Amino acid sequence: MRSFITHSAEETTALGRRMAQELRPGSIVLLRGDLGAGKTTLIKGIAEGFHAAAAEDVTSPTFTLIHEYRGPQATLYHIDLYRIDTQRELDTLALDDLMDPGSILLIEWGEKFDRLRREKGTEIAIEHLGGDERRIVIQ
Ligand code: ADP
Ligand code: MG
């Protein structure tokens, strides 16, 4: 488990760029934290780290549910389950079909579902410490 404190959105994006070096294709990453914690901001950096998208092109998939960013080493799927409430709705997203040795699933609000919590992957928790300060814990 590692813990970081960031003091701006830019610092969180920079942390995401560094974290990208440790994420392996074929894995799942659950990002936990309240609305506005910085989950999407961290994913901007991860997408940049994979040369899959520029930070400004990574936007929240709150309504579209899944965004896809293709990089030379991996295809990133940025998934937001905030608006998904039932297992049946989750099933319609067919996330299993996205899991592939060449893809990484970055999932916001995935902890709502037992099935996703049980997946062995990386878990990142982001906590709002007040102002622009955030604690980011990776395990
Ligand atoms: P989430 O996806 O968790 O709902 P977002 O990443 O969409 O959150 O939003 C985080 C908001 O907080 C952005 O407006 C961002 O600019 C702001 N912010 C301020 N300080 C930080 C920080 N240290 N890390 C991440 N975001 C920050
Ligand atoms: Mg978000």
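This is a short chat about a predicted model of a protein chain with a magnesium ion.

Q: Which protein atoms are the donors of the magnesium ion, ligand 2?
A: T40, through OG1, and E108, through OE, lie 2.2 Å from the magnesium ion.

Q: Where in the chain do T40 and E108 sit?
A: T40 is in helix 2, residues 39–49. E108 is in strand 5, residues 103–108. The two are 68 residues apart, so the pair links distant parts of the chain.

Q: Is T40 buried or exposed, and what about E108?
A: T40 is buried, and E108 is buried too.

Q: Switching to the fold: how many helices and strands are there?
A: The protein chain has five helices and seven strands. In sequence order the pattern is β-α-β-α-β-β-α-α-β-α-β-β.

Q: And why call the chain as compact as a globular protein of that length?
A: Because its radius of gyration is 14 Å, close to the 14 Å that the globule rule gives for 139 residues.

Q: What does the C-alpha trace span along its principal axes?
A: About 40 × 30 × 30 Å.

Q: What share of the residues is buried?
A: Buried residues are 47% of the 139 in the protein chain.

Q: What about contacts between residues 24 or more positions apart?
A: They account for 62% of the contacts with a separation of 6 or more.

Q: Now the surface: what area does the protein chain expose?
A: About 7400 Å², with carbon and sulfur atoms supplying 48% of it.

Q: How far apart are the mean positions of the positive and negative charges?
A: They are 3 Å apart, for 17 positive and 23 negative charges.

Methods
Residues numbered from 1 in each chain as written. Chains lettered and ligands numbered in written order. Predicted model: local features only at pLDDT ≥ 70, side-chain atom pairs only at ≥ 80, totals over all residues. Heavy atoms only, no water. Donors = N, O, S within 2.8 Å, 3.2 Å for Na, K, Ca; no water. Helix = DSSP H or I, 4+ residues; strand = E, 2+ residues; numbered from the N terminus. Buried < 20%, exposed > 50% of the residue type's maximum accessible area, 1.4 Å probe, protein only. Rg over C-alpha atoms; globule rule 2.2 N^0.38 Å. Contact = heavy atoms within 4.5 Å. Areas by Shrake-Rupley, 256 points an atom, 1.4 Å probe, with all protein chains shown as cover. Lys, Arg positive; Asp, Glu negative; His and termini not counted. Charge placed at Lys NZ, Arg CZ, Asp CG, Glu CD.
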